[in-house]
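Trainee: I should like to go through this structure with you, one question at a time. May we begin once the model is displayed?

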Amino acid sequence: MTYSIGEFAKILGVTPSTLRYYEKEGLLTPNRDENNLREFTDDDIGWAQFLLHLKDSGMLVTELREYTKWRKIGDETIPERLNLLKNRKHLVEREIQVLQQSLDILNRKIEFYNDRLKGKTYEFTLYPNEDADS
């Protein structure tokens, strides 16, 4: 099945201008019909969804271009693609750790204020598990 740029954008939850930008950057290569209109296929859906996940992971357009180039070359570039994905995974894991620490602090501060409203008083410690002598 083929999809117009508007239909394809709707499927992916992006704007047609986003798809045009991805095409301009070499990340998507839609077919063209006899009127030179873009035609996307079911195969394009999976690839575009994967690109969006990579983008959401924080991958830069330059990295997306490199990955796309390697994908077009074929299996001989699997080591490069694997390395890029492992590096991104490490960065995402680090971001998750930072966000989890922030969430923990927010939760403890909320608990602190709820306790204060109930009449309990104590000092809030930002990092309670750290040794005071450090």
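Trainee: At what angle do α3 and α4 pack, and how far apart are their axes?

Mentor: This is a predicted model, in which local features need pLDDT of at least 70 and side-chain atom pairs count only at pLDDT 80 or more, while totals for chains, interfaces and linings use all residues. Residues are numbered from 1 along each chain as its sequence is written, and side-chain values use heavy atoms, with hydrogens and water left out. Helices (H or I, at least four residues) and strands (E, at least two) are DSSP runs numbered from the N terminus; axes are lines fitted to C-alpha atoms, for helices over the stretch in contact, and angles run from 0 to 180 degrees between N-to-C directions. On that basis α3 and α4 pack at about 145°, with their axes 11 Å apart.

Trainee: Which residues make the contact, and how many of each class are there?

Mentor: With contact meaning heavy atoms within 4.5 Å, α3 contributes Trp47, Phe50, Leu51, Leu54 and Lys55, and α4 contributes Leu64, Tyr67, Thr68 and Arg71. Ala, Val, Leu, Ile, Met, Phe, Trp, Tyr, Cys and Pro count as nonpolar, Asp, Glu, Lys and Arg as charged, and the others, Gly among them, as polar. The contact of α3 with α4 therefore has 6 nonpolar, 1 polar and 2 charged residues.

Trainee: Which element gives the largest share of the largest nonpolar core?

Mentor: A nonpolar core is a set of buried (under 20% relative accessible area, 1.4 Å probe, protein chains only) Ala, Val, Leu, Ile, Met, Phe, Trp, Tyr and Cys residues joined through side-chain atoms within 4.5 Å. The largest one has 21 residues, and Leu51 and Leu64 are among those that touch the most other members. Two or more residues come from each of α1 (5–12), α2 (16–24), α3 (42–56) and α4 (61–73). The largest share, 6 residues, comes from α3.

Trainee: Which strands stand at the edges of the sheet?

Mentor: Two strands pair if DSSP finds at least two bridges between them, and here 3 strands form an open antiparallel sheet in the order β1-β3-β2. Two of them have a single partner strand each, so one side of each is left without a neighbour in the sheet: β1 (2–3) and β2 (31–32).

Trainee: What angle does the direction of α3 make with that of β3?

Mentor: α3 packs on the sheet, touching β1 and β3. The angle between the directions of α3 and β3 is about 80°.

Notes: Buried < 20%, exposed > 50% of the residue type's maximum accessible area, 1.4 Å probe, protein only.
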